[in-house]
Amino acid sequence: ITTTAWPGFLDSWLSRIPLPKWALIAVAVAGAILLLLFLICIIRCCCGKKKPKKKERISLCPISSSTTASLVQPEMEDLEHGVEQMRRGKLQYSLDYNFRTQELKVGVKQAVELKAMDSGGTSDPYVIVYLTSDMKKRYETKVYRKTLNPIFNESFTFQVPQAEVPESTLVMQIYDFNRFAKHDIIGEVRLPLASVNLQHIIEQWSELAAASKVEEEQLGEICFSLRYVPSTGKLTVLILEARKLKRMNSHGLSDPFVKVHLILNKRKWRKKKTSVKKNTLSPYFNEVFIFEVPFNQIQNVDVVISVWDHDKVTKNEPIGKLFLGCRATGNQLRHWSDMLSNPRRPLAQWHILQPPDVVDKALGLKSHLKLPLASR
């Protein structure tokens with residue numbers, strides 16, 4: 001009786017449910033699966049709570065100096081980010097010393113992965129090259145716009161007696177060009193020639209380092225505007241201002257004024273000058289000069305800008321010079337080229353003053369002779 005009563009009771013109970021038999025089986029299976037999943041979740045939660053708590057204990061032992069570094073050491077990602085911020089790029093260059101002529105030829109090849117100095121994520125790089133044994137003689141490459149991988153392919157020659165080679169250091173500094181502000185240095189390579197085997201030609205890459213604080217005497221900077229109108233042949237030079245000029249008197253100031261020379265075919269041609277500004281190292285001039293230069297002569301003209309210290313008793317002393325024209329290099333050539341490429345448009349730019357004797361030597365002036373204007 002007991003073996004047949006339960007199945008009979010179950011059949012009679014199931015017959016009262018208004019569902020087909022296959023639907024009842026499906027509901028039963030789904031319920032069993034849900035019950036099984038519920039049991040599994042309960043088991044996992046119980047096992048997780050029963051883990052030993054030994055690892056939660058922290059030993060408060062005294063910190064020794066040997067363990068301090070390991071406790072404050074940053075994560076590897078932070079270290080890599082810091083190294084990335086320190087990177088300034090690489091410079092490829094070549095050296096070729098001629099023992100017979102005692103000349104050192106420096107080739108500035110290219111740079112890669114330069115540090116971005118502009119807000120747009122690029123730079124306008126150019127390279128200044130000089131030797132510490134003769135810091136007045138400096139060369140500049142062309143400026144390359146909006147690139148972190150410039151290809152220069154320029155070479156410069158230095159006259160270096162063999163006896164001075166071990167005492168000289170070659171300096172190659174990469175700057176970011178800025179028309180209206182100070183040019184920021186990206187990095188530099190300093191190569192003591194005593195550590196280099198100059199018996200054969202050298203070509204190599206070097207990582208850029210932070211600029212050394214050992215700098216030569218600063219002469220100052222000057223800002224001026226150039227404008228040329230080909231149809232009228234008028235060259236307009238607007239002397240705006242200067243700053244950080246070299247101190248020339250005992251009071252730590254100067255009495256600066258500016259001379260503007262026009263040189264035609266390596267001969268002095270025209271000259272004009274500004275008023276004198278008393279007791280200042282940052283004079284403001286805003287004085288304009290207009291020269292008549294026929295269009296067929298503009299390629300043969302050099303414009304020399306020189307800053308002088310006025311002295312009533314003794315002779316006026318030059319503070320610094322620079323020149324622009326087709327024979328110029330670096331930023332001066334860039335400014336001149338921009339002027340010719342944008343006729344009738346005034347273009348202003350800051351320039352770093354150079355030692356007067358260096359500029360005079362580069363100009364290679366002939367005898368002082370005023371030339372008549374070419375006929376138009």
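In which strand is Val229 found? Val229 is found in strand 9. Helices (H or I, at least four residues) and strands (E, at least two) are DSSP runs, numbered from the N terminus. The model is predicted, so local features need pLDDT of at least 70 and side-chain atom pairs count only at pLDDT 80 or more, while totals for chains, interfaces and linings use all residues. Residues are numbered from 1 along each chain as its sequence is written, and side-chain values use heavy atoms, with hydrogens and water left out.

The secondary structure comprises six helices and 16 strands. Of the 376 residues of the protein, 36% count as buried. Buried means under 20% relative accessible area, exposed over 50%, and partly exposed in between (1.4 Å probe, protein chains only). Among contacts (heavy atoms within 4.5 Å) between residues at least 6 apart in sequence, 65% join residues at least 24 apart.

The largest nonpolar core holds 32 residues. A nonpolar core is a set of buried Ala, Val, Leu, Ile, Met, Phe, Trp, Tyr and Cys residues joined through side-chain atoms within 4.5 Å. Within the largest core, Ile222, Leu235, Ile239, Val260, Val293 and Ile305 touch the most other members. Two or more residues come from each of strand 9 (221-229), strand 10 (234-243), strand 11 (256-264), strand 13 (284-292), strand 14 (301-309), strand 15 (317-325) and helix 5 (330-341). A second, separate core of 28 residues includes Leu95, Val127, Leu170 and Met172.

Contacts of Val260 were listed without its neighbours within four places in sequence. Val260 then meets Val237, Ile239, Arg270, Lys271, Lys272, Phe289, Phe291, Val303, Val304 and Ile305.

Two residues of strand 9 were examined, Leu226 and Val229. Leu226 has 0% relative accessibility and therefore counts as buried. Beyond four places in sequence, Leu226 is in contact with Thr236, Val237, Leu324, His335, Trp336, Met339, Arg345, Pro346 and Leu347. The C-alpha atoms of Leu226 and Gln349 are 8.8 Å apart, with their positions 123 residues apart in sequence. Val229 is also buried, at 9% relative accessibility. Val229 touches Lys234 and Arg344, again leaving out residues up to four places away. Val229 and Pro294 are 65 residues apart in sequence and 9.6 Å apart from C-alpha to C-alpha.

Val129 lies in strand 3. With 0% relative accessibility, Val129 counts as buried. Its contacts, not counting residues up to four places away, are Val106, Val108, Lys137, Arg138, Tyr139, Phe156, Phe158, Leu170, Val171 and Met172. Gln173 is 44 residues from Val129 along the chain, and their C-alpha atoms are separated by 6.6 Å.

Arg243 belongs to strand 10. Arg243 counts as partly exposed because its relative accessibility is 23%. Outside the four places on either side in sequence, Arg243 touches Ala181, Lys182, Gly220, Glu221, Leu281, Ser282 and Trp350. Tyr284 is 41 residues from Arg243 in sequence and 8.7 Å away in space, C-alpha to C-alpha.

Backbone angles single out two loop residues. Most residues other than glycine have a negative phi. Glu113, however, has a positive phi near 55°. Glu113 sits in the loop between strand 2 (103-112) and strand 3 (125-131), and at 58% relative accessibility counts as exposed. Asn279 also has a positive phi, of about 50°. Asn279 is in the loop between strand 12 (267-273) and strand 13.

The largest pocket has a volume of about 1100 Å³. Pockets were sought on a 1 Å grid over the protein atoms alone: a pocket is an open set of points where a 1.4 Å probe fits, with protein on both sides within 12 Å along at least five of seven lines, and lining residues have an atom within 4 Å of a point. Grid points are joined across faces, edges and corners, and a volume is the space filled by probe spheres set on the points. The lining of the largest pocket has 42 residues, of which Ile128, Arg138, Glu140, Ile352 and Gln354 lie nearest its centre. Strand 4 (residues 134-140) gives the most to this lining, with six residues. By class, the lining has 17 nonpolar, nine polar and 16 charged residues. Domain 1 (90-207) and domain 2 (221-363) both give residues to the lining, so the largest pocket lies between them.

Methods:
Nonpolar A, V, L, I, M, F, W, Y, C, P; charged D, E, K, R; others polar. Domains from an automatic or database assignment.
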